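Dear colleague,

I am passing on a structure for you to look over, and my notes on it follow below the display.

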Amino acid sequence: QAVRARTDALAYPPLSLAIEGAAGELALVRRDFEAAVPRLLDVARKAERARLDELVASVRVTLVGGTVGKWSHPEQEAWLLADAEAAVDRLGHDHDPRALELTRARANLLENAGDYEAALGELQRVGQLARPLDDDAIVALATRDRAEILRQLARYDEATAEFERARATAGERWGSRSPAVADIELELAALEIERGRHEPARTHLARAYAIQRAVHGPESYAVARVQLVEAKLAMNEGELARACALVERSLDAHLRELGPTHELVGDVHEALGVLRFFDHDLDGSLDAYRRALEIRERTLAPDHPTLGLLHSNIGESLAARGDHHGALASYSEALRILGRALPSDHPNLALPLKGRAQSYLALGRAREADDDLERALARLQGSDVDEPYDLADTRFSLARALAEQGREPERARRLAEQALATFDALGHAAPARA
């Protein structure tokens with residue numbers, strides 16, 4: 001505001017428009033799209049009238065970087081991207097790095113539309129074009145983007161290799177103790193937790209903590225992001241009280257830094273919902289999941305897989321509360337979204353399939369449960385995701401469905417015995433036998 005007052009008095013359009021653009025960019029960082037998008041479009045139009053082509057391109061690229069994949073308006077995002085590409089093309093520069101940023105954005109649009117292979121191809125092209133320019137920053141970002149898509153697709157070995165390449169490039173560009181490297185260590189930790197490999201996850205978490213504490217301080221938002229992933233590890237290892245304490249500390253830092261409606265605050269509410277569920281606080285779990293869903297629906301495309309997983313979690317809490325009709329609706333919505341967003345054999349489809357089937361069983365509709373349970377079992381058995389409890393639970397539910405219909409008694413018994421052996425090994429023998 002102080003600089004704007006001084007530049008207005010100078011009546012020098014390039015500077016005054018640049019300041020207006022900075023104000024719009026600040027609104028983008030805050031995810032205040034209603035303020036940011038009109039302001040930046042107005043700056044771009046005024047710059048066009050003043051024939052400030054470089055500023056036009058920079059403002060439009062900034063607008064794309066702050067909205068694509070975040071605004072939840074895919075058609076408008078595509079228009080903004082097309083306008084930015086045209087603005088950069090008009091400059092006629094060879095090897096303009098802004099063109100690579102826009103290609104990354106196009107990959108993001110493709111990813112959100114569910115065209116993962118096309119998105120991976122665009123990101124591969126960004127890396128190939130950036131390397132001859134010695135633009136390590138864009139190479140690291142594009143490689144990390146590829147890794148995140150591969151992780152979503154449960155192609156874990158490929159994702160790990162890409163994350164490691166991104167970490168090496170980021171280390172060369174910014175140093176091995178940089179926050180960019182810490183962010184990738186955190187992604188690797190989350191990936192290892194998904195695979196049930198806790199020792200490597202601990203190693204990555206320790207590296208991320210060390211860097212973020214040294215750079216940002218122990219009470220920083222950056223450390224809070226690490227705490228959130230550590231909480232997932234603690235929960236998977238049965239340390240519920242420690243996981244809750246970590247998430248609550250993380251939530252305080254997120255709210256302090258980002259405010260109550262930022263998309264990343266949604267991550268923390270979702271984690272809190274999971275922990276409250278396991279602590280048998282079902283009303284608290286539903287409240288946290290619904291807060292997360294409300295935040296995410298503002299910033300994600302309607303068929304984004306994150307929304308599908310949240311609907312699945314809501315279904316799980318409703319079922320545990322005995323509201324099986326409500327659970328069926330939530331699980332069906334989850335499967336509608338995930339069925340569009342993910343490959344048909346993706347393991348993330350297994351949990352809503354299993355959940356919907358278990359609600360059918362609770363309502364005495366064993367025949368309707370059959371197909372969902374067979375599909376869930378196929379996805380869990382065909383995946384390298386380490387989810388022994390869910391696999392055992394699916395086997396036992398399918399055994400029940402078969403037994404209640406008087407079908408395939410030998411297979412039903414075999415499935416139940418396999419489930420019981422796993423429950424015994426996991427320390428869940430008593431409830432399983434009951």
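Which residue takes a positive phi just after α20? In this predicted model, glycine 406 does so, with a phi of about 70°.

The helix before this glycine, α20, covers residues 388–405, and because its 18 residues should span 26 Å at 1.5 Å a residue, the 26 Å between its end C-alpha atoms agrees with expectation. Its buried residues include Asp390, Asp393, Arg395 and Leu398, as well as Ala401 and Leu402, and what covers the buried residues of α20 includes α18 (350–362), α19 (366–381) and α21 (409–426).

Turning to the nonpolar cores, the largest has 52 residues, and those with the most contacts inside it are Ile149 and Leu373. Helix α8 (residues 136–152) supplies the largest share of this core, namely 7 residues. There is also a second, separate core of 29 residues, among them Val59, Leu63, Val68 and Ala87. If residues up to four places away in sequence are left aside, isoleucine 149 touches Glu111, Tyr116, Ala119, Leu120 and Leu123.

A last point concerns serine 285, which is placed in helix α15 (residues 282–299). Serine 285 counts as buried because its relative accessibility is 0%, and its side chain makes a polar contact of 2.9 Å with the side chain of serine 317. Again without residues up to four places away in sequence, serine 285 touches Gly273, Arg276 and Phe277 in addition to Ser317.

With best regards

Definitions and conventions. Residues are numbered from 1 along each chain as its sequence is written. This is a predicted model: local features need pLDDT of at least 70, side-chain atom pairs count only at pLDDT 80 or more; totals for chains, interfaces and linings use all residues. Side-chain values use heavy atoms; hydrogens and water are left out. Helices (H or I, at least four residues) and strands (E, at least two) are DSSP runs, numbered from the N terminus. Buried means under 20% relative accessible area, exposed over 50%, partly exposed in between (1.4 Å probe, protein chains only). A polar contact is a pair of N or O atoms within 3.5 Å; within protein, one must be able to donate a hydrogen and the other to accept it, and residues adjacent in sequence count only if both atoms are side-chain atoms. Contact means heavy atoms within 4.5 Å. The expected span of a helix is 1.5 Å times one less than its number of residues. A nonpolar core is a set of buried Ala, Val, Leu, Ile, Met, Phe, Trp, Tyr and Cys residues joined through side-chain atoms within 4.5 Å.
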